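The following exercises ask you to read a fold step by step, with the sequence and the coordinates at hand. Try each task before turning to its solution.

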Amino acid sequence: MNIETGINYLKKGTKYQFCYYCISDLIHENVTQYFFEYNTANVGETNDFEVFISESLNEVEEYKQRVLKPYPLDSVPLKKINIKIYFNEKVESKVDFEFKINHLSESIEYASKTYGNGINYIIDTIINNKKGKFVHETNIEIHNELLFHENLYYLLDNVGIKEDDIVIELQT
């Protein structure tokens, strides 16, 4: 179960580096293990996650403080954007439809947090479903619009959604 997630930043010239992290726990045979997973990179990039595991939450907190020390900023300037994804493939069933919607929401959330563009919890998604085709629309806040585009295009291309099916607009 996730206990805490966050992103801290370090400004280097005009760019930002980030540390995205998550603390979670797992209970197995009455033993609780705590996990501190983190990723450090430049905003718009990603590296492999590192993991620190301990049976002591205090030890995990101490480790977190050491990892986050070089990243003193807990936020960066954000822009509001609107994302519309036109999914041109026919959706056959309610289960298939819900699976695709969940996948799209998770891809948007993943593209924003693990590439350092901000943490967004997808809410207020608008879904228009007409004749088995749908438009998935949501509003989020991100730091770098162009890097977010690249990251989201890459993730969605892996599941058959093409760049032409995605419209990302800056809100004013």
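The pLDDT is the predictor's confidence in each residue, on a scale from 0 to 100. It matters here as the model is a predicted one.

**Exercise 1.** Establish how confident the prediction is overall, and which elements have the lowest and the highest mean pLDDT.

*Solution.* Begin with the whole protein, where the average pLDDT is 86, and 88% of the residues score at least 70. Then go element by element: strand β6, residues 126-130, has the lowest mean, at 70, whereas helix α1, residues 57-68, has the highest, at 98.

**Exercise 2.** Describe how strand β1 is joined to strand β2, and then place both in their sheet.

*Solution.* Step one is the pairing itself: β1 (residues 2-12) and β2 (residues 15-28) run antiparallel and are joined by 10 bridges. Step two is to check individual partners, among them L10, which is bridged to Q17 in β2, and G6, whose partner in β2 is Y21. Step three concerns the connection, for the two strands form a hairpin with 2 residues between them, and G13 in that turn has a positive phi of about 65 degrees. Step four widens the view to an open sheet of 4 strands in the order β1-β2-β3-β4, paired antiparallel. Its edge strands are β1 and β4 (50-54), each of which pairs on one side only, and from one strand to the next the twist averages 15 degrees.

**Exercise 3.** Decide whether C19 and C22 are buried or exposed, and state how many disulfides the structure holds.

*Solution.* The cut-off needed is that buried means under 20% relative accessible area. C19 has a relative accessible area of 0% and is therefore buried; C22, at 9%, falls under the cut-off too, so this cysteine also counts as buried. As for disulfides, the structure holds 0.

**Exercise 4.** Work out which residues and elements build the largest nonpolar core.

*Solution.* This core has 19 residues, of which I83, I85, F148 and L152 touch the most other members. Two or more residues come from each of β5 (79-87), α2 (94-113), β7 (133-142), α3 (145-157) and β8 (166-170), and α3 gives the most, with 5 residues. Taking L152 as an example, and leaving aside residues up to four places away in sequence, one finds that L152 touches I83, S107, I108, A111 and I168. Apart from this core lies another, of 12 residues, including I23, Y34, Y38 and Y71. As a general background, nonpolar side chains tend to be buried together in soluble globular proteins.

How values were computed: Residues are numbered from 1 along each chain as its sequence is written. This is a predicted model: local features need pLDDT of at least 70, side-chain atom pairs count only at pLDDT 80 or more; totals for chains, interfaces and linings use all residues. Side-chain values use heavy atoms; hydrogens and water are left out. Two strands pair if DSSP finds at least two bridges between them. Axes are lines fitted to C-alpha atoms, for helices over the stretch in contact, and angles run from 0 to 180 degrees between N-to-C directions. A disulfide is a pair of cysteine sulfur atoms within 2.5 Å. Buried means under 20% relative accessible area, exposed over 50%, partly exposed in between (1.4 Å probe, protein chains only). A nonpolar core is a set of buried Ala, Val, Leu, Ile, Met, Phe, Trp, Tyr and Cys residues joined through side-chain atoms within 4.5 Å. Contact means heavy atoms within 4.5 Å.
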